[in-house]
Amino acid sequence: MTKQNNTLYTRRQFLKAGSITALSTNAACRNINPAHSSQVIVIGAGLAGLNCALALQNQGYDVVVLEANQQVGGRTRSINKNGTTINLGGIEIGDGYQRFVGLCEQYKLNLYEPKRASRDLCVHIGGQLISQDDWATAKANPLPEHLKATLPSRLQSHFHRGKNPLKSKTDWIEGQHLTSDQSEIEFLKEQGAGDAAIEFINHTGNFNSVETVAALHYQRAIANFRFGTSKKTLRLSGGNQSLARSMANSVNALHTGQRAQSIEQTSNGVTVRTDQAEWLGQHCVIALPFSVLRNIPLVAPLSDAQRNAINELPYTKISKLVLAVEKPFWEEDGFGPNLWSDTSLERGFLSYSEKGDLLYTLFVNGRNAQQLDRLSDEDATKTLIDLLNTSRPSTKNALRPLAYYSWGNDPFALGAYHHFAPNQVSSFARSMTQAAGRIHFAGEHCARANQGMEGALESGEFTARQLIQTS
Ligand SMILES: Cc1cc2nc3c(=O)[nH]c(=O)nc-3n(C[C@H](O)[C@H](O)[C@H](O)COP(=O)(O)OP(=O)(O)OC[C@H]3O[C@@H](n4cnc5c(N)ncnc54)[C@H](O)[C@@H]3O)c2cc1C
């Protein structure tokens, strides 16, 4: 999608259109006057970049959005397979997502409550399948007596229950809570968790490892849910990428296929080079995950803390395999359809698609996702299906692969979502979102109050406000 064809832009058009435009990289063109002071380059057309661009555009700014991919929406990627909508990235929309819900109303997009599939769980451990009712008394259950009745999937919330110091969605960043900026493993040990419980939590937690994630990260997620007034979760008809597409249609100048290769603050503006062109702006909003930004040369007056944040903020590796259910395999083996496995399958979830067919999603995190990332998508799909069929024979010929996606291998994401490592909230959570000269940051990692898609929208809005105040 290219709304302005930059390769056909003449000098006259450039002068007429203002100074944010693509210049061919020959020296003569570089002499053209730099940008008007209120004009902005936004890099990245995910929800954060798009919301920022629209907020600025609505205030009369000339904004250009540069997107590396051929499509907008970033980590809200959704696909349609024979009429079945599949969200490869962001899925759940809390009904407390005020911005997301408001934008869907504005663009007349339909939010609906998904039909609930069974939540019954089957534990697969040491090669054995165990029903959730039998878990407490199962011989293979290695947990100490007082924990035996707790399912592996509920252990982390068990240890955090009653220990969350956060009293609002935003106070995770306040000084008084920074004692929780310790690692999850230290926190778990302090609560008396033994090796078996820690290993279970490590195996399937939404992070890379208990050593490298801060306990505050989990506490923030719980506070977000508790104080975010999300009573139910919603889905967007056609998939979450539909919102990004609608927003992109309202942006005056958006260029896909423009991968930022370098970003440089100069004496009077910012220059962004893509492999096709050079873009000049008065300001630049970088709405990219830091996992990606750390590989792009960036010349800007960054503080040490900001530089550290860009280089070190961890991103959870996640791979998903979405399968169509052709036979209710759980009826054959009598176990709950959902799976918690001590193998690299990790977790399997049953859900209904928008059109009402049953889907089964394998959701692999951290170390196991990294192992899969060494394989091609086809081999990773085969590896997971073979393992599932061996672990749970009733799944043989009962499931048909629809889509496999590795967020770790996506060059424009390099991970699914950020999390803070121990001591990172205290060392850079505040400073990493601050403007560095003419360079501003946005993205889910920069949000204060919300997380995920709502966090991305929040940060886009916040950054636009910050830029307006300082320009
Ligand atoms: C598997 C998974 C499950 C999730 N589940 C949920 C959920 O249930 N609920 C929820 O709220 N959130 C969820 N999320 C998180 C949510 O999708 C993200 O937080 C949100 O979409 C991030 O938006 P963003 O704008 O910050 O970043 P992105 O969407 O990553 O946008 C960044 C954009 O920059 C582009 N880009 C990258 N490099 C360059 C470059 N060099 N030059 C130009 N452009 C570039 C990318 O292509 C992308 O379009 C999930 C995410 C994943 C991956």
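Gly460 counts as buried in this predicted model, because 32 C-beta neighbours lie inside 10 Å of this residue, and 20 or more are enough for that label. Gly460 belongs to helix α16, which spans residues 452-470. The points below turn to its surroundings, to the ligand shell and to helix α14.

**Surroundings of Gly460**
- Beyond its neighbours within four places in sequence, Gly460 is in contact with Leu47, Ala48, Gly49, Leu50, Asn51, Cys52, Ala55, Ala287 and Ala442.
- Gly443 is 17 residues from Gly460 along the chain, and 6.7 Å separates their C-alpha atoms.

**The shell around the ligand**
- The ligand is surrounded by 38 residues, of which Gly44, Gly46, Gly74, Gly90 and Gly452 are the closest.
- At least two residues of this shell come from each of α3 (47-58), β17 and α16.
- Helix α16 provides the largest share, four residues.
- By character, the shell comprises 21 nonpolar, 10 polar and seven charged residues.

**Helix α14**
- Helix α14 is formed by residues 377-391, 15 in number, and its span of 21 Å from first to last C-alpha is close to the 21 Å expected.
- Its buried residues are Ala380, Leu384, Ile385 and Leu388.
- These residues lie on the same side of α14, because they cover an arc of only 125 degrees around the axis.
- In general, an α-helix has 3.6 residues a turn, so residues three or four places apart point the same way.
- The buried residues of α14 are covered by elements including β17 (318-325), β20 (358-365), α13 (366-372) and β21 (399-406).
- Exposed residues Glu378, Asp379 and Asp386 sit on the face of α14 turned away from its buried side.

Key. Residues numbered from 1 in each chain as written. Predicted model: local features only at pLDDT ≥ 70, side-chain atom pairs only at ≥ 80, totals over all residues. Expected span 1.5 Å × (residues − 1). Buried ≥ 20, exposed ≤ 12 C-beta atoms within 10 Å, placed from the backbone. Arc of directions from axis to C-beta. Contact = placed C-beta atoms within 7 Å. Near = placed C-beta within 6 Å. Nonpolar A, V, L, I, M, F, W, Y, C, P; charged D, E, K, R; others polar.
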